[in-house]
Every structure is written in structure tokens, then in C-alpha cells.
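These are my notebook entries on a structure that is new to me, set down in the order in which I looked things up.

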Amino acid sequence: MKQQVYFWVERYLFTPDLLQKLLSLLLLPLTALYCLVVIVKRTSAKPKNLGIPVISIGNLIVGGSGKTPLAIALAEELSYVGIVLRGYKRASKGLVVVSQYGVITSSVDKSGDEAMLFAKSLPKATVIVCEDRQEGILKAKSLGAKVVLLDDGFSKSGIEKFDILIKPSQLMPNRFCLPSGPYREGVSHYKKADLVVTEGIDFQRQVNIKNPTDRMVLVTAISKPQRLDRYLPDFIEKVYYPDHYEYHGSELETIMRKYSADSILTTQKDAVKMENFRIDLSILELNLQLKPMILEEVNKYIEDFGKIS
């Protein structure tokens, strides 16, 4: 039942049918109130300089948009990087140092799947999860970071930072803000970012399957899983779970038996929660090729920050 509700909400936000569109219109008064609160919070905030250059990578739409792979691609080009994120749906509270320059110091349940993916992908970085982003940034600084990448930090107006927003390559069918639509802030707020990037224009995805087998079944728990379709073999069976789902080994074994699969095909983010099970995994390895302009803008911000400081 919980999964059905989750997928209904996802359809309502991104691909609404007629009844869902009518519900969206009925909720417009709440949407107007929500937008007013967002605007007041943003205009009343006074950005604080934390003594370290902070690059925020975010989007205006709820759900996945490529923030994590973009942050990983940027971090690979920088030195002494701290990664700070909330750690959504982790089984812990407060500040947790997930990794420090390749040494992983947390379990995936305490870090959350995205933070563990950062830790495993970036052996030269320090990864921290914390609900209080300022606290997390200052901790990264105290551990030797010279620059911080802030995951999903556009709304954190109280922090002085360089804002990168990922914009969808296609117009969204539903362009309202929550709860009538998928936008966390109005589309006009793209103008408030320091840099707006779009897949296919400013960066390209490259996806390869690691450890492919003859019979694979796709199992994933990411937002909008249909975006994986273009990278999949033909006629593959697909099993979807709600975003950030906590897997159990027995259910994965059941799926493999049901589809007579040799392996489970999954994303890198899902894999960090599956790798301790005795199950053969095939991984959709994702790499981003960035336009030089992105790194040039980021480096310019870092250099200018150093001159001012």
C-alpha cells in the first residue's frame, strides 16, 4: 500500500492524468501560501561567509535530477574537497563523518545511500552528513577541506555560496510549486542561481554495465526510474521501489528466483545497500562528461573567494 501511494504521488507530480490535474488546481491556494513562505525565507536570510568556498549543487524539482553524479564529477577535478549533505532517510541523527580521505568510518544505514556513494566514489574527499549544513561545512573545514560541495543546498539562503542549478532538458508537464506540482521554488528562481546547467548541453552521461550477465532483472529505488530505460538492454524485467528504499536480502533472492535471473542489475546508489548480500550484482556505472565552462566557473569562484578572504 505504501509503495502504491508513493508511485501515485510521483505520477501526480510529474505525469498527471486528468483527475490529478484537477486535484492540482484545487490545491493552488495552498501552493500560493507555500510560495509566499519560500519567498519570505529567501528574502529575509542574510548569507553568512563560513570562511571556505562553498559550491551548492541543486535543482528546483523534487526527486532525482543528477545532482549526485554532477557533484562526483566536479569533486574529482578539485583538491581537498569536503562533501556535505543531509543524509536523507539515514538511521542516525546529527553530524556523522562518513569518510575522511578514503577511510570510510560509517555504515550505510547511518550515512544514507547517497553519502555512501560519495564516500566510495571519492577516496580523496571527506564526506559528512548533517541536518545543519553550516555545522557540516565547518566540520569539513576543520578536517582540512579547502572547498565544500553542498548537496541540494539552493534553499540554504543563510550560507554564502556559489549556486549551481540543474535544469531539466525538457519542459515539465506540471510547472506548479508544491503541493500542486513538483517545483520547490518557482521557475523564475533559476535566475537566482550563479550557474544553470542542462543535461545534453552542459554535461553528457555515459553509462556502462559492470559485470553483465545473460539474464538480468533491474531492481532500483530511485526517483523517476523510467529515466534509466535508455540505458537498459531490450526486454529486461523491471522491479521498482520507492526512493531510498531499504532492501532485504530475502526479497532480492525472491526476485531473482521469480525472473530466473543470473544477477540483479541496479544503480550505483542502490548497490551500496545491496553489496553485503550474497547476490550477484550487475551495476549501471554512470560517468559525466562536463563542459569545460562548468569547471572554469567553479575555479573562478574559488580563486576570487581566496582573494577576498
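**Notes on a predicted model**

I began with Trp8, which I found in helix H1. Before going further I noted that what I have here is a predicted model. I looked up how far Trp8 is covered, and its relative accessible area is 37%; since buried means under 20% and exposed means over 50%, I entered Trp8 as partly exposed.

Next I asked which residues make the nonpolar surface patch of about 440 Å². I listed Val5, Trp8, Val9, Leu23 and Leu26. The elements that give two or more residues to this patch are helix H1, residues 2-14, and helix H2, residues 18-26. I also noted that H1 contributes three residues, the largest share of the patch.

**Two helices**

I then turned to helix H4, residues 67-75, and helix H6, residues 113-121, whose axes come within 11 Å and cross at roughly 25°. Because angles under 35 degrees count as roughly parallel, I recorded H4 and H6 as roughly parallel to each other. I added that the crossing of H4 and H6 is right-handed.

**Salt bridges**

I reminded myself that side chains of opposite charge can pair when their charged atoms come close. With a side-chain nitrogen of Lys or Arg required to lie within 4 Å of a carboxyl oxygen of Asp or Glu, the count comes to twelve salt bridges, and I looked up several of them.

The side chains of Lys161 and Asp163 meet in a salt bridge with an N to O distance of 3.6 Å. Are these two residues, Lys161 and Asp163, buried or exposed? I found that Lys161 is buried and that Asp163 is buried as well.

For Asp229 and Lys238 I noted a salt bridge between the side chains at 3.0 Å, N to O. Here Asp229 is partly exposed, with a relative accessible area of 34%, and Lys238 is also partly exposed, at 36%.

Asp304 and Lys300 form a salt bridge through their side chains, again with 3.0 Å from N to O. I saw that both residues lie in helix H10, residues 292-308, where Asp304 and Lys300 are four residues apart, about one turn of the helix. I entered Asp304 as partly exposed at 28% relative accessibility and Lys300 as partly exposed at 49%.

I closed this part with a network of salt bridges, in which Glu114, Asp243 and Lys269 are linked.

**Backbone entries**

I looked for the peptide bond that runs from Leu178 to Pro179 and found that this bond is cis, with omega near 0°. Pro179 lies in the loop between strand S7, residues 162-167, and strand S8, residues 195-198.

Tyr80 has a positive phi of about 50°, although this residue is not a glycine, and I placed Tyr80 in the loop between H4 and strand S2, residues 81-85. I made a similar entry for Tyr101, which is not a glycine and has a positive phi of about 50°. Tyr101 lies in the loop between strand S3, residues 96-100, and strand S4, residues 103-104, and is partly exposed, with a relative accessible area of 30%.

**A last position**

Finally I looked up Ile264, which is found in strand S12, residues 263-267. Its relative accessible area is 0%, so I recorded Ile264 as buried. Between the C-alpha atoms of Ile264 and Leu33, which are 231 residues apart along the chain, I noted a separation of 44 Å.

Conventions: Residues are numbered from 1 along each chain as its sequence is written. This is a predicted model: local features need pLDDT of at least 70, side-chain atom pairs count only at pLDDT 80 or more; totals for chains, interfaces and linings use all residues. Side-chain values use heavy atoms; hydrogens and water are left out. Patches are made of residues with over 30% relative accessible area and no salt bridge: like charges are joined within 9 Å, nonpolar side chains (Val, Leu, Ile, Met, Phe, Trp, Tyr) within 5 Å. Accessible areas come from the Shrake-Rupley method with a 1.4 Å probe; for residues, only the protein chains shown count as cover. Buried means under 20% relative accessible area, exposed over 50%, partly exposed in between (1.4 Å probe, protein chains only). Axes are lines fitted to C-alpha atoms, for helices over the stretch in contact, and angles run from 0 to 180 degrees between N-to-C directions. Angles under 35 degrees count as roughly parallel, over 145 as roughly antiparallel, 65 to 115 as roughly perpendicular and the rest as oblique. A crossing is left-handed if the near helix is turned anticlockwise from the far one by less than a right angle, and right-handed if clockwise.
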